[in-house]
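Trainee: I have a protein–DNA model open. Can you show me how to read its features one by one?

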Number of protein chains: 2
Amino acid sequence: MAVIVAGLKAIEYRFLIKDIGTEIYIGLIALVFTGLGLWVGQQILNRKEQSGSSKKGRDEVIQSLDISEREMDVLVLMADGLSNQEIADKLFISIHTVKTHSSNLFSKLHAKRRTQAIQKAKEIGLIEA
Amino acid sequence: MAVIVAGLKAIEYRFLIKDIGTEIYIGLIALVFTGLGLWVGQQILNRKEQSGSSKKGRDEVIQSLDISEREMDVLVLMADGLSNQEIADKLFISIHTVKTHSSNLFSKLHAKRRTQAIQKAKEIGLIEA
DNA sequence: GCTCAAATGGTACTTTAGTATGAACGATTT
DNA sequence: AAATCGTTCATACTAAAGTACCATTTGAGC
């Protein structure tokens, strides 16, 4: 509402430009506030989507669980349905390294399997659903 | 835009109620169109969310891929991160049966692994993301 | 009664996943 | 300089997942 009031004050300068038609003026107001509504809607939805990750919480969760960059790389590809060998090829590392990272990941996520790790990671907002 | 024009026409009746202040009038327009923006935003988002599942599309996808009830049961538990043995226990069947269902599932979903099956199933709206 | 598909269970096998442990290297911190 | 940490790779093993084929049962439909 504060934004709306501020907008009204600013727009009141229309009296300085009396040569534009009233309808055009109203149209401009309508457009501006339609845009405002769209923007507000987006903001509300962003908060809803981030309810599990709390805004910039992705980084916070990563830090709190002490997850490294490489482990995140593996996790993302894992969630895409790739096998350890395919992940290794994409990251230009050996399958052994992938296993090391994934094994460490399971410990940090308290998961027994990769499917469980993926599910938990999505729950806490570590990766996109 | 058609909606906006129609709105303008309707609101022009302000000339019949000259006793309300200009600021109040502007405020009303602002509120109405902010609401319009919110509504439009919601509509756009609903279409996005239903892009993969298309309303009642879940059943349609299941039928088109010829997926049975039991296979769906297995798929859902699979996506929750359960092992074949845990799925077997929950459905009161043997692990052999779970393997049969999951193997058939992979064929129908063109997946090589369970993680890939889960990812694809979510993409096409078979299961909730 | 017969047929067909889904569901169930099994054996046997190959492949992938996962664990445990150790080691080497570079960058950073103390 | 020494210690720490992340990344890398490896071996050796166990466990789980997945495939292929086959068999039985059951319920719905003809």
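Trainee: Which atom of Ser94(B) lies 2.6 Å from a phosphate oxygen of DNA strand C, one of the backbone or one of the side chain?

Mentor: First, remember that this model is predicted. For a polar contact, look for N or O atoms within 3.5 Å. Ser94(B) uses a backbone N or O atom, at 2.6 Å from the phosphate oxygen.

Trainee: Which side chains of chain B reach phosphate oxygens of this strand?

Mentor: Arg70(B) is one of them: an N or O atom of its side chain is 3.0 Å from a phosphate oxygen of DNA strand C. Thr97(B) also places a polar side-chain atom 3.0 Å from a phosphate oxygen of that strand.

Trainee: How many residues surround DNA strand C?

Mentor: There are 18. The closest are Ser103(A) and Arg114(A) from one chain, and Ser68(B), Ser94(B) and His96(B) from the other. Now look at the DNA side. Of the strand C atoms that come within 4 Å of the protein, 75% belong to sugar and phosphate.

Trainee: Which helices supply the surface near DNA strand C?

Mentor: Helix α6 (95–109) of chain A, and α4 and α6 of chain B, each supply at least two residues. α6(B) gives the most, with 4 residues. By class, this surface has 9 polar, 7 charged and 2 nonpolar residues.

Trainee: Now the helix α4(B). Which of its residues are buried?

Mentor: Read burial from relative accessible area; under 20% counts as buried. In α4(B), residues 69–79, the list is Glu71(B), Met72(B), Val74(B), Leu75(B), Leu77(B), Met78(B) and Ala79(B).

Trainee: What covers those buried residues?

Mentor: Look in both chains. The cover includes α7 (114–123) of chain A. From chain B it includes α3 (57–64), α5 (84–91), α6 (95–109) and α7 (114–123). After α4(B) comes Gly81(B), with a positive phi near 95 degrees.

Trainee: How do I read the interface between the chains? How many residues of chain B are in contact with chain A?

Mentor: Start with the counts: 37 residues of chain B contact 36 residues of chain A. Then take the area. The two chains bury about 2,900 Å² between them, and 65% of it is on carbon and sulfur atoms. In chain B, Ile26(B), Arg113(B) and Thr115(B) lose the most area to chain A, together 17% of what that side buries.

Trainee: How many salt bridges are there between chain B and chain A?

Mentor: The count is 2. The side chains of Glu86(B) and Arg113(A) meet in a salt bridge, at 2.8 Å from N to O. Also, 4 residue pairs are in polar contact across the interface, both residues being at pLDDT 80 or more.

Trainee: Which elements give two or more residues to the chain B side?

Mentor: They are α1 (2–11), α2 (22–49), α4 and α7 of chain B. α2(B) has the largest share, 17 residues. The chain B side divides into 18 nonpolar, 11 polar and 8 charged residues.

Trainee: Last, backbone angles. Where is Phe92(B), and is it buried or exposed?

Mentor: Check phi, then place, then accessibility. Phe92(B) is not a glycine, yet its phi is positive, near 55 degrees. It sits in the loop between α5 and α6 of chain B. Phe92(B) is exposed, with a relative accessible area of 75%.

Trainee: And what is the phi of His110(A)?

Mentor: It is positive, about 55 degrees, in a residue that is not a glycine. His110(A) lies in the loop between α6 and α7 of chain A. It is exposed too, at 64% relative accessible area.

Terms used
Residues numbered from 1 in each chain as written. Chains lettered and ligands numbered in written order. Predicted model: local features only at pLDDT ≥ 70, side-chain atom pairs only at ≥ 80, totals over all residues. Heavy atoms only, no water. Buried < 20%, exposed > 50% of the residue type's maximum accessible area, 1.4 Å probe, protein only. Contact = heavy atoms within 4.5 Å. Near = heavy atom within 4 Å. Polar contact = N/O pair within 3.5 Å; in protein donor to acceptor, adjacent residues only side chain to side chain. Nonpolar A, V, L, I, M, F, W, Y, C, P; charged D, E, K, R; others polar. Buried area = accessible area lost by both parts, 1.4 Å probe. Salt bridge = Lys/Arg side-chain N within 4 Å of Asp/Glu carboxyl O.
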